[in-house]
Amino acid sequence: MSRPASSRPPLRLFLLLANAATGLWRGLLPIVLLNTLPSLPTLLALLVNGGVSQTPTLADLVALPIAVILLVFAQSATIAGTHRLLQGSDFGLLLSMRQTWQRLPTLLGTAFLSGILVLLGLAALVVPGLMAIALLYLALPACMIERTDMVESLERSGQLTQGYRWSILGLFLLALLPTVGLGAVTGDFAYAPVTVMQVLGQEAGMMLFSMFSAVMATAAFERLREIRGMPAAPQPLPEWASGKT
């Protein structure tokens with residue numbers, strides 16, 4: 001059962017960041033390897049095109065959906081491995097990848113539903129879109145760690161983030177800072193034509209965002225379950241997720 005609102009300890013941003021930093025540094029190599037995967041289709045498209053094409057080519061059109069799938073895969077595997085780190089176990093790169101592969105259709109569906117809701121919120125007004133980001137920020141960790149289905153994952157994220165969405169939004173914006181910084185350094189915000197350096201800056205920025213976002217979301221997921229007094233998942237955790245391998 002959840003604790004009364006008055007007795008809940010506050011969600012302090014620095015505690016989440018401490019957990020996130022611990023997960024990042026202890027599993028730095030596998031986290032970096034995983035989050036370079038979404039950039040591979042774009043880099044291959046650059047090679048096929050012989051440089052940056054100012055109009056979309058067939059290689060670009062093929063690379064985009066593959067990159068999106070790999071992004072969901074990389075973030076989910078990072079979530080699984082970081083969860084194991086926070087449970088006191090090893091990251092388990094191959095184990096995390098295998099378990100993510102087994103749940104990939106559900107993970108893709110969860111990410112798709114979350115993305116549609118966020119886009120609708122941003123299209124209506126910016127603030128509802130930002131609140132949608134905060135509300136749904138833990139949907140992927142719920143799906144990966146607790147093995148909930150698509151709708152249950154969204155509901156679980158809503159339950160856990162209730163009352164703490166400004167803090168969650170702060171984590172999201174913090175994870176976004178390296179991407180913005182790299183974009184500014186490499187001229188990402190300059191006018192066309194796009195250069196190879198800009199593309200590489202975009203990919204490096206997305207890699208950093210993917211890494212930090214996944215690790216922070218996992219740390220927030222664990223912390224909020226602890227705060228609300230419901231560390232046990234609605235469904236029994238499998239052995240790989242419980243850190244008892």
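Glu-222 and Arg-225 are both buried in this predicted model. The two residues share helix α11 and stand 3 residues apart, about one turn of the helix. Their side chains form a salt bridge, with the closest N and O atoms 3.4 Å apart. The structure holds 4 salt bridges in total.

Arg-225 has a second partner. A salt bridge joins Arg-225 to Glu-146, and here the closest N and O atoms are 2.9 Å apart. This pair links distant parts of the chain. Arg-225 belongs to helix α11, which covers residues 196–227. Glu-146 sits in the loop between α8 and α9. The two are 79 residues apart. Arg-225 has a relative accessible area of 3%, so this residue counts as buried, the cut-off being under 20%. Glu-146 is also buried, because its relative accessibility is 0%.

Glu-146 meets another arginine as well. The side chains of Arg-156 and Glu-146 form a salt bridge with an N to O distance of 2.8 Å. This pair, too, links distant parts of the chain. Arg-156 lies in helix α9, which spans residues 150–161. Glu-146 lies in the loop that follows α8 (139–145) and leads to α9. The separation is 10 residues. Both Arg-156 and Glu-146 are buried. Taken together, Glu-146, Arg-156, Glu-222 and Arg-225 are linked in a network of salt bridges.

Aromatic side chains were examined next. The structure holds 2 aromatic pairs. One of them is formed by Tyr-137 and Phe-172. Their ring centres are 6.3 Å apart, and their planes meet at 85 degrees, an edge-to-face arrangement. Tyr-137 lies in the loop between α7 (126–136) and α8, while Phe-172 lies in helix α10, so the pair ties together parts that are 35 residues apart in sequence. Tyr-137 and Phe-172 are both buried.

Phe-172 also pairs with Phe-209. The centres of these two rings are 5.7 Å apart, and the planes stand at 90 degrees, so this pair is edge-to-face. Phe-172 is in helix α10 and Phe-209 is in helix α11, so the contact between rings ties together parts that are 37 residues apart in sequence. Phe-172 counts as buried because its relative accessible area is 15%. Phe-209 is buried as well, with a relative accessibility of 15%. Tyr-137, Phe-172 and Phe-209 form one aromatic cluster.

Ile-168 was considered last. This residue is placed in helix α10, which runs over residues 165–185. Its relative accessibility is 0%, so Ile-168 counts as buried. Beyond residues up to four places away in sequence, Ile-168 touches Ala-134, Tyr-137, Thr-161, Ala-220 and Leu-224. Tyr-137, one of these contacts, is also a member of the aromatic cluster. The C-alpha atoms of Ile-168 and Ala-217 are 8.4 Å apart, although the two residues are separated by 49 residues along the chain.

Notes. Residues numbered from 1 in each chain as written. Predicted model: local features only at pLDDT ≥ 70, side-chain atom pairs only at ≥ 80, totals over all residues. Heavy atoms only, no water. Helix = DSSP H or I, 4+ residues; strand = E, 2+ residues; numbered from the N terminus. Buried < 20%, exposed > 50% of the residue type's maximum accessible area, 1.4 Å probe, protein only. Contact = heavy atoms within 4.5 Å. Phe/Tyr/Trp six-rings, centres within 6.5 Å; stacked < 30°, edge-to-face > 60°.
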